[in-house]
Amino acid sequence: MRGSNMMAEGDFAFDPDRNYDEEIMSMQREIEKEITDTQDLIGPLQSLESLIEEYAQEDQVYRQKLSDLGSRYTHIRKIRGDGNCFFRGFGFSYLESLLKNDVEYESFKKIAAQSKDELVTLGFPQFTIEDFHDTFMEVVKMVEKKCSVEELLRSFNDQGLSDYFVVYLRLVVSGHLQKENEFFASFIEGGRSVKEFCNQEVEPMGKESDHIHVIALAQAFGTGVLIEYMDRGGDTCNTHIFPDGAQPSVHLLYRPGHYDILYNVR
């Protein structure tokens, strides 16, 4: 039986003069603006215990998983949930790790520098690529100059610099997927080609990332990414390293639809 407080059938009257699509889009823009105004692109380092406050006391599934996560990590940086959190989180975490690893930095810088020509060879327009690549390398070279973590964080919270960096990472992933078309074709559902998938799910800003994006980016730069998957299945977080057997330089927490950066600073 329906409760007395529920809307009876027929109470809703469609108004043909109202622009419902515009109202929904306006509401979405207001939500996005509120997020932009209140949340950094990449937040400060904070205790992992701060996550517990996000879940109600009775939500034992996530609280148990946070306890498991706490056996391996101590801190977290939260990333703005704008659909670019994987790329932004990967970019900051990897460059932060390279501040302490000169050998891997030199290898990464070489790959990053050569990536522009490889993308042009694959058919990406040189004029467009150069602009994003120049900004990307500007941020990368901050590591060579031994910038502080705080300076790197400021750069990633500069909307212009940060978004250009993310766009270029997306282009690198698109290029790698297309270059390794034969391998990645089996990962793609819906009868789409690799190029169609890249055009629709990789290159546009705000498109969320899946394991295929993670694998491609890790392979493209020759580094390892560890992701802790925290959902409602099982009693502990599921840990995956991409590619298999790699030594991870980047540690990320994945909750459905979102990535944050994990740290162990014991």
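Colleague: Which helices each supply at least two residues of the lining of the largest cavity?

Modeller: Those are α3 (85-98) and α7. Keep in mind that this is a predicted model.

Colleague: And which one gives the most to the lining?

Modeller: Helix α3 does, with four residues. The full lining of that cavity is F90, G91, Y94, L95, F108, F136, F165, L169 and F221.

Colleague: How much space lies in the largest cavity?

Modeller: About 30 Å³. The count of cavities of 30 Å³ or more comes to one.

Colleague: OK, what about F108, what is it in contact with?

Modeller: If you skip its neighbours within four places in sequence, F108 is in contact with Y94, L95, L98, F136, V140 and F221. F108 also lines the largest cavity, and it is listed with the residues that have the most contacts inside the largest nonpolar core.

Colleague: How many residues does that core have?

Modeller: The largest nonpolar core has 60 residues. Besides F108, the ones with the most contacts inside it are F90, L95, F136, L177 and L217. The largest share of this core comes from helix α7 (residues 159-179), which puts in nine residues.

Colleague: Why would residues like that sit together?

Modeller: In soluble globular proteins, nonpolar side chains tend to be buried together.

Colleague: Which residues does the second core include?

Modeller: Y62, L69, L226 and L262 are among them. That core is separate and has 13 residues.

Colleague: Switching topic: what's the strand order in the sheet?

Modeller: The order is β1-β2-β6-β5-β3-β4, in an open sheet of six strands with mixed pairing. At the edges are β1 (46-47) and β4 (238-242), and each of them pairs on one side only.

Colleague: How do β1 and β2 pair, parallel or antiparallel?

Modeller: Antiparallel, over two bridges, with strand β2 covering residues 75-77. As for partners, Q46 is bridged to I76 in β2.

Colleague: What holds strands together in general?

Modeller: Strands of a sheet pair through backbone hydrogen bonds, either parallel or antiparallel.

Colleague: Now D68, is that one buried or exposed?

Modeller: D68 counts as buried because its relative accessibility is 15%, and the cut-off for buried is under 20%. D68 is found in helix α2 (residues 60-69). Leaving out neighbours within four places in sequence, D68 is in contact with T236 and C237.

Colleague: And where is Q39 found?

Modeller: Q39 is in the loop between α1 (20-38) and β1. Q39 has a relative accessible area of 27%, so it is partly exposed.

Colleague: What does Q39 touch away from its own stretch of chain?

Modeller: Not counting neighbours within four places in sequence, Q39 is in contact with I79, R80 and G81. The C-alpha atoms of Q39 and K78 are separated by 9.1 Å, and those two residues are 39 apart along the chain.

Colleague: How many helices and strands does the chain have?

Modeller: The chain has 10 helices and six strands. Of its 266 residues, 42% are buried.

Colleague: Last thing: what does the pLDDT average for the chain?

Modeller: The average is 89, and 85% of the residues score at least 70.

Colleague: And where does it stay under 50?

Modeller: Over residues 1-12, where the model has four contacts beyond four places in sequence. Where pLDDT is low, the predicted coordinates should not be read in detail.

How values were computed: Residues numbered from 1 in each chain as written. Predicted model: local features only at pLDDT ≥ 70, side-chain atom pairs only at ≥ 80, totals over all residues. Heavy atoms only, no water. Core = buried A, V, L, I, M, F, W, Y, C linked by side-chain atoms within 4.5 Å. Buried < 20%, exposed > 50% of the residue type's maximum accessible area, 1.4 Å probe, protein only. Contact = heavy atoms within 4.5 Å. Pairing = 2+ DSSP bridges. pLDDT = per-residue confidence, 0-100. 1 Å grid on protein atoms, 1.4 Å probe; cavity = no way out; pocket = protein on both sides within 12 Å on 5 of 7 lines; lining within 4 Å. Points joined across faces, edges and corners; volume = space filled by probe spheres on them.
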